[in-house]
Amino acid sequence: MAVAGVAVGGCGAGGGDGGGGGGGPSRSPGSTRPHLTPGTAPGNGSPAWRAWGLTPLPPAPDPPADKPVRLSATGAVPVVTRVPVAQRVVFITVDDGHEKDPRFVRILRDLRVPISMFLTDDAIRSDYGYFRQLQALGNRVQNHTLHHPVLTGLTPARQKEEVCGAQKVLTEQYGTAPLLFRPPYGAYDGTTRAAVAECGPRAIVGWRASMQIHGLRYQDAGRRLRPGDIILAHFRGPAELKGTTMTQMFANLLRHVQQQGFAVARLENYVRPPLPAGVGVGGMPDRTGTGGPGTQRDP
């Protein structure tokens, strides 16, 4: 039975600097220029990026017609930590939902940088509408449990309650059922995978790098981003980020991505949802029971 331990940089980890690994020098919170109005900042690139004190990212490529992550409607759920692509794209995911910074909505609206939101009901229930603003920009809502416990070691009933309960709430609040699930702290076991499969999501999503305040913390020894990396960030505010706002932290993250020459793409555009029962690739009958070739599975 595969068990993922508490991953470095996961939810609940301290909002430290992260060492600034590989993405350029650390910057003070003020260097993000959070109070500029459009058109007032010096620098290169479009006015919107200059207004936030940032250099534009490379444009994201068109989403592939042949999705590299293919999900099945049945069987064990796969665990995805990196999307198998050769293009220099990465994917930003943002967890929990405690911080509801209105300027974060503005920076995403101005820059059109896509994110995927893995939301916990305990964190978002005080203002479901805040995340509808982010959803209206095209960002998808995914499942991150009801109460954010460490799932490993909980009974099957408790794990199912956390996953299925969040699936129900998020579907009701945001109008679409989450396709993806992220376990709190990155910790899961075979019971978790069974609960996820029963509750509706069709993949567990991990990460290869996590954003702290000024720097990225990497899972790989090379301390660099790689094509297809999934990046973890959080809805956190100054109390957890040593006075830095979430929007400033996000600007720092975009600097690291830009300095390493990557574009940011939308994770869900690289994922093929399960095909209807009995239908394979190209509309041909599927007799494999997997939804066609290419489904990722955890070893």
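Reader: Which residue stands opposite His234 in β10?

Author: In this predicted model, Asp95 is the residue opposite His234 of strand β10. Strand β3, residues 89-96, runs parallel to β10 and is joined to it by five bridges.

Reader: Which other strand is joined to β10 by bridges, and how many are there?

Author: Strand β8, residues 209-211, is joined to β10 by two bridges, and these two strands also run parallel. Here Ala209 stands opposite Ile231 of β10.

Reader: How should one read the two faces of β10: are they covered or open?

Author: In a regular strand, side chains alternate between the two faces of the sheet. In β10, Ile230, Leu232 and His234 lie on one side, with Ile231 and Ala233 on the other, and all are buried. Five of the five residues in 230-234 are thus counted as buried.

Reader: How many aromatic pairs does a search of the whole structure find, and how is such a pair described?

Author: A pair of aromatic rings is described by the distance of the centres and the angle of the planes. The search finds five pairs. One of them, Tyr130 with Phe131, is edge-to-face, at 5.0 Å centre to centre and 85 degrees between the planes. Phe131 also forms an edge-to-face pair with Phe235, at 5.2 Å and 85 degrees. This second pair links helix α4, which holds Phe131, to the loop between β10 and α7, which holds Phe235, 104 residues apart.

Reader: Why does Phe131 count as buried?

Author: Phe131 counts as buried because its relative accessibility is 0%, and buried means under 20%. Phe235 is likewise buried, with a relative accessible area of 1%.

Note on methods:
Residues numbered from 1 in each chain as written. Predicted model: local features only at pLDDT ≥ 70, side-chain atom pairs only at ≥ 80, totals over all residues. Heavy atoms only, no water. Buried < 20%, exposed > 50% of the residue type's maximum accessible area, 1.4 Å probe, protein only. Helix = DSSP H or I, 4+ residues; strand = E, 2+ residues; numbered from the N terminus. Pairing = 2+ DSSP bridges. Phe/Tyr/Trp six-rings, centres within 6.5 Å; stacked < 30°, edge-to-face > 60°.
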